[in-house]
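Trainee: Before we look at particular features, could you show me how to read a model like this one step by step?
Mentor: Gladly; let us put it on the screen and begin with the overall picture.

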Amino acid sequence: MIANIVKPGSKTRGVLIYLFGPGKATVHADQHIVASWDGFAPDPGPEDSPGHTERMDQLVKALDLRVKQASDQAPEGHVWHCSLRTAPEDRTLTDAEWATIARRVLHATGIAPDGDPDGCRWIAVRHADDHIHIVATKMRGDLRPPRNWNDYHRAMAELTRIETDFGLYQVNRDRDIWPAAKRPTRAETEKAARNGHSRAVREQLRQTVRTALSHAHSVEEFLGLLADAGLQVETRTLPSGDLNGYKVALPGDTTEGKPIWYSGTALATDLSLPKIQERLTATEPTTPQPAGRPRPNPWHQATAAIERIPHHLSQDDPAPASAHLVAFGEILYALPTLAPTHVRAELRKAAFAFEYTVNTRARVDQQHARALRGACKTLRTHPADDGLIAMLVDAAILTVIAVRRQRALHHHDQQVAAAQQTLLHLQAAYRHVAPAPLARLAERKPPADTARHYAKYLRKTVPAYAEQILDDAAWDALTAALADAQRRGHNPAALLQQAAMQRPLDDAHSPAQVLTWRIQRLGERHAPSPRAAQAQSAAQRPAPPSQPAAAAPAPKASPAQRR
């Protein structure tokens, strides 16, 4: 069950007109009161019912009685409005059950404690099967305001107990998994629909801010990228001259001719200036390469770091995984501006959905993901073709699958749903971008004799997937990647083993394609010397089960053992 306590208002009649009216975003039907402070409150009924206006006047007068009596001692926002909604899979509650739930929430929040004759006056209105609205006027019978501080969190705690008592869907209310992003209000959503926009202004701004952050190396560059993106930007400085905050506005989004500003925190709790500064300082600087060695491809570095995220998720310490997932989210936001035009829309949707999977209000030590974030910052310095995009998206898909599984184990259902949406958009982008580079690779497939040798290596390395890979249309591309690596001086058997051992292939839709991208990435590295290759092969070769780790060196393993 979800509760929404809106900002206190001062117009009791306005709220009641909406509740008993026909509705705006949703259609209201059978509007009626299910409970009230004394059980005898006038029920206006639907606005087209006989006597509606007279009963509405009586109800407003009764609810506002103590507010009028308190005169200027009444709080400015005296209308307390809370909606309670069941989950789609819940049964339909009766009016009597809703009445009990309303009383329990009012007691928990301090608006109308049980047994208190001076509790605030209130009503609970039902105009749909799945939710009610509670409206109260915040003035007690002794003409004092109620003690309803922290009412939202107190309501959440009570709803947890209500879900258990009524056999309803259990919502996970762990504050550490609450999304950092601020959801748009209903007014913002309706305004976006009127203006023909698919997303509210708050969401548009947040997407632009996150994209700028994914590319920026400093706060100054971040603010410059916001301005380059067309946003209005204002900063706030301390008397010392140090930057203290920023706010953004979308051109044309005004009220009474003035821009509607949003601070970073108003967009998401992790977009405040201190949080942004923390991320920007947690970036591994580019180190100079030794003479004669080519600079590593940042796309390969980012892909390799992304492939390690499932390993971080499986560890007992959650800190490295949390940091890497935040940095991974930054890569998803950076990707659309670097990708071919025909896949940008799907990649933007993936980044937006993933934000609700990992960007939470929990504290994250960003230093754990310095290398991944450093690779992210340098992606745009290296030209990206569709093959590099497909390689990274393929790794991203496997990572999101691992995230979805991990969130499901902890019953974080909303994050599971967000991960599933992310996965669908990434898979759609991959289907658009991968065929062309795979086809180009397949055109360079080696002779049949060479392919048979590769097939023999494959059966020894990954016997569980060998036949599936050999039957895959991507097998030709995989053999071409192996042949390219062999021409660069790599041992194809050792390289195939290294690629297969990097990460499990259990979640791969096409193990052949996953291995193709890994081989292509590993094959472009500097080929090891013969002595280094021999040492690497010995290190990767498993010891026989009967041989203890500390015993004398094991005899040479047969090819069938080298898995």
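**Reading the fold**

Mentor: The protein contains 24 helices and 10 strands, and, since we should be careful from the outset, please keep in mind that this is a predicted model. Of the 563 residues in the protein, 49% are buried. If we take the contacts between residues at least 6 apart in sequence, 71% of them join residues at least 24 apart.

Trainee: How should I read a sheet, and in what order do the 5 strands of the open sheet lie?
Mentor: The general idea is that strands of a sheet pair through backbone hydrogen bonds, either parallel or antiparallel. In this case the order is β1-β3-β5-β4-β2, with antiparallel pairing. The edge strands, each of which pairs on one side only, are β1 (2-5) and β2 (32-36). Averaged over the sheet and with direction ignored, neighbouring strands are turned by 20 degrees against each other.

Trainee: Which residues could I use to follow the pairing from strand to strand, for instance the bridge partner of Ala3 in β3?
Mentor: Start at β1 and β3, which pair over 4 bridges in the antiparallel sense; there, Ala3 has Leu84 in β3 as its bridge partner. Leu84 in turn is partnered by Ile132 in β5, and β3 and β5 form 7 bridges, again antiparallel. Continuing across, strand β5 (residues 131-137) pairs with strand β4 (residues 121-126) over 6 antiparallel bridges, and here Val125 stands opposite His133 of β5.

Trainee: What lies across these strands, at about 50 degrees to β2?
Mentor: Helix α4 (residues 95-109) does, lying across β2, β3 (79-85), β4 and β5. As for β3, 6 of its 7 residues are buried, so that strand is mostly covered.

Trainee: Turning to helices, why do the end C-alpha atoms of α13 agree with the expected span?
Mentor: The idea is to count a rise of 1.5 Å a residue, and because helix α13 (residues 318-338) has 21 residues, it should span 30 Å, which agrees with the 30 Å between its end C-alpha atoms. The N-terminal end of α13 is capped by Asp317, a side-chain oxygen of which lies 3.1 Å from the backbone nitrogen of Ala319. Burial can be read for the helix as well: 17 of the 21 residues of α13 are buried, so the rest of the structure largely encloses this helix.

Trainee: How many residues does the largest nonpolar core have, and which of them have the most contacts inside it?
Mentor: That core has 60 residues, and those with the most contacts inside it are Trp299, Phe328, Leu347, Leu372, Val393, Leu426 and Tyr430. Helix α16 (residues 386-409) gives the most to this core, namely 13 residues. Apart from it lies another core, of 29 residues, including Ala35, Ala112, Ile162 and Phe166.

Trainee: Is Leu372 buried or exposed, and what does it touch?
Mentor: Leu372, which lies in helix α15 (residues 370-378), has a relative accessibility of 1%, and since buried means under 20%, Leu372 counts as buried. Leaving aside residues up to four places away in sequence, Leu372 touches Ala302, Ala305, Ile306, Ile309, His324, Ala327, Phe328 and Ile331. The chain also brings the C-alpha atom of Leu372 to 8.9 Å from that of Ala304, although these two residues are 68 residues apart along the chain.

Terms used. Residues numbered from 1 in each chain as written. Predicted model: local features only at pLDDT ≥ 70, side-chain atom pairs only at ≥ 80, totals over all residues. Heavy atoms only, no water. Helix = DSSP H or I, 4+ residues; strand = E, 2+ residues; numbered from the N terminus. Expected span 1.5 Å × (residues − 1). Buried < 20%, exposed > 50% of the residue type's maximum accessible area, 1.4 Å probe, protein only. Polar contact = N/O pair within 3.5 Å; in protein donor to acceptor, adjacent residues only side chain to side chain. Pairing = 2+ DSSP bridges. Axes fitted to C-alpha atoms, helices over the stretch in contact; angles between N-to-C directions. Contact = heavy atoms within 4.5 Å. Core = buried A, V, L, I, M, F, W, Y, C linked by side-chain atoms within 4.5 Å.
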